[in-house]
Amino acid sequence: MKICIINGPNLNLLGKREPEVYGSQTFEDYFEILKAKFPTIEFHYFQSNIEGELIGKIQEVGFLYDGIILNAGAYTHTSIGIGDAIKAITTPVIEVHISNTFGREEFRHQSYISGNAKGVILGFGLKSYDLAVQSFL
């Protein structure tokens, strides 16, 4: 099984950015733990702060992989293009958020991804990614 984790803007700052919201662990450290938890899965990881690069990666892997775990960060609430890219591919996508977006600012309650995703997991910290992996098993 091949799963691609795609993270959007500012997620490269995990471990430094608002630790009270996002925790103190870097995604790179967490990714090693995730790979050890699920040794039979071939994981690939991509992060970009640029919307077009995220769309390009979704299109690149969206017909080849068994699953995509997508945390589009703030683009979740603004990018019709990312939502359309998910609609265009055949690989199922799980939308993931570290924080509970519904417990935050009003603008974070809107997602252009959810309607095209297989499912949405939010509010469980980095464990949200574990839950997304389990949904593909």
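Below are exercises on a predicted model, each with a worked solution.

Residues are numbered from 1 along each chain as its sequence is written. In this predicted model, local features need pLDDT of at least 70, side-chain atom pairs count only at pLDDT 80 or more, and totals for chains, interfaces and linings use all residues, while side-chain values use heavy atoms and leave out hydrogens and water.

**Exercise 1. Find the order of the strands in the sheet and state which strands stand at the edges.**

Step 1. Helices (H or I, at least four residues) and strands (E, at least two) are DSSP runs, numbered from the N terminus. Two strands pair if DSSP finds at least two bridges between them.

Step 2. The five strands form an open sheet with parallel pairing, in the order S2-S1-S3-S4-S5.

Step 3. S2 (42-47) and S5 (119-122) are the edge strands; each has a single partner strand, so one side of each is left without a neighbour in the sheet. From one strand to the next, the twist averages 20°.

Step 4. Take one pair as an example. S1 (residues 2-7) and S3 (residues 67-71) pair in the parallel sense over five bridges, and Ile 5 stands opposite Ile 69 in S3.

**Exercise 2. Describe how H3 and H4 pack.**

Step 1. Two packed helices are described by the angle between their axes and the distance between the axes. Axes are lines fitted to C-alpha atoms, for helices over the stretch in contact, and angles run from 0 to 180 degrees between N-to-C directions.

Step 2. For H3 (residues 51-61) and H4, the angle is about 5° and the axes are 9 Å apart.

Step 3. H3 and H4 are therefore roughly parallel to each other (angles under 35 degrees count as roughly parallel, over 145 as roughly antiparallel, 65 to 115 as roughly perpendicular and the rest as oblique).

Step 4. Contact means heavy atoms within 4.5 Å. Glu 51, Leu 54, Ile 55 and Ile 58 in H3 meet Gly 81, Ile 82, Ala 85 and Ile 86 in H4.

**Exercise 3. Place Phe 31 and decide whether Phe 31 is buried or exposed.**

Step 1. Phe 31 is found in helix H2. Helix H2 (residues 27-37) lies across S1 and S2, running at about 165° to S2.

Step 2. Buried means under 20% relative accessible area, exposed over 50%, and partly exposed in between (1.4 Å probe, protein chains only). Phe 31 has 9% relative accessibility and counts as buried.

Step 3. Leaving aside neighbours within four places in sequence, Phe 31 is in contact with Ile 5, Phe 43, His 44 and Tyr 45. Phe 31 and Ile 5 are 26 residues apart along the chain, and their C-alpha atoms are separated by 9.4 Å.

**Exercise 4. Locate the residues that UniProt annotates as "active site".**

Step 1. The unreviewed UniProt entry gives this annotation to Tyr 22 and His 97. UniProt positions are given in the numbering used here, feature names are shortened, and annotations may be inferred rather than shown by experiment.

Step 2. The two residues are spread over 76 residues of sequence but cluster in space, with a largest C-alpha distance of 9.7 Å.

Step 3. Tyr 22 is in helix H1 (residues 19-22) and is buried at a relative accessible area of 9%. His 97 is in strand S4 and is also buried, at 5% relative accessibility.

Step 4. Leaving aside neighbours within four places in sequence, Tyr 22 is in contact with Leu 14, Arg 17, Ile 98 and Arg 104.
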